[in-house]
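Please look over the sequence and the structure shown here before reading the report. The sections below move from the overall fold to one local feature.

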Amino acid sequence: MDGKTICLNRQATHEYFILERYEAGIVLEGSEVKSLRLGNANLKDSFCIMQNNELVIKNMHIALYDKSGAFNTKDSKRDRKLLLHKAEILRINAKVSQKGLTLIPLKLYFKDALIKMELGLCQGKHTFDKKRSIMEKDLKRESERQIKNYR
């Protein structure tokens, strides 16, 4: 996944095990694209669900573009349709419905002139898993610090 990152969902890696990653397009209005170019977006607490055999992202905040005037969408957290191949959607739907997995947006970024979203097929972490991952991160940081000071 390349391009300029608009926003990341940092909390997702702490709360979930990411099993698979998918790249999806997203249906946006013109003022939303201009707002995204300014970096005004937040993926915190957003999630994806199936509606009428389509993937929809809920709760994603894109700030209102102040210069759009009368064409401004008043709802900054409206539902937005995600664009994937039908086979991918069916595969994701089967995995989510069987195994109790969830589809979480991880990253929003530009790919050439298009805006893409990286989705993660995730499984929730328990409290002890979160504590273990924090401990591992601290150990890694400490070892890197020791190596840096050694040189």
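## Secondary structure

Helices and strands are here taken as DSSP runs, of at least four residues for a helix and at least two for a strand, and they are numbered from the N terminus. In this predicted model, the protein chain contains four helices and nine strands, and along the sequence these elements follow one another in the order β-α-β-α-β-β-β-β-β-α-β-β-α.

## Overall dimensions and packing

Measured out along the principal axes, the box filled by the C-alpha atoms of the protein chain is roughly 60 × 40 × 25 Å. The protein chain has 151 residues, of which 36% count as buried, and among its contacts with a separation of 6 or more, 69% are made by residues 24 or more positions apart.

## Surface and charge

The area that the protein chain exposes comes to about 9900 Å², and carbon and sulfur atoms supply 51% of that area. The protein chain carries 30 positive and 19 negative charges, and the mean positions of these two sets of charges lie 2 Å apart.

## The hairpin of E4 and E5

Strand E4, which covers residues 47-51, pairs in the antiparallel sense with strand E5, which covers residues 54-58, and five bridges join the two. Within this part of the protein chain, Met50 stands opposite Leu55, a residue of E5.

Which residue takes a positive phi in the hairpin of E4 and E5? The hairpin has two residues between its strands, and Asn52 is the residue with a positive phi, near 55°.

Conventions. Residues numbered from 1 in each chain as written. Predicted model: local features only at pLDDT ≥ 70, side-chain atom pairs only at ≥ 80, totals over all residues. Heavy atoms only, no water. Buried < 20%, exposed > 50% of the residue type's maximum accessible area, 1.4 Å probe, protein only. Contact = heavy atoms within 4.5 Å. Areas by Shrake-Rupley, 256 points an atom, 1.4 Å probe, with all protein chains shown as cover. Lys, Arg positive; Asp, Glu negative; His and termini not counted. Charge placed at Lys NZ, Arg CZ, Asp CG, Glu CD. Pairing = 2+ DSSP bridges.
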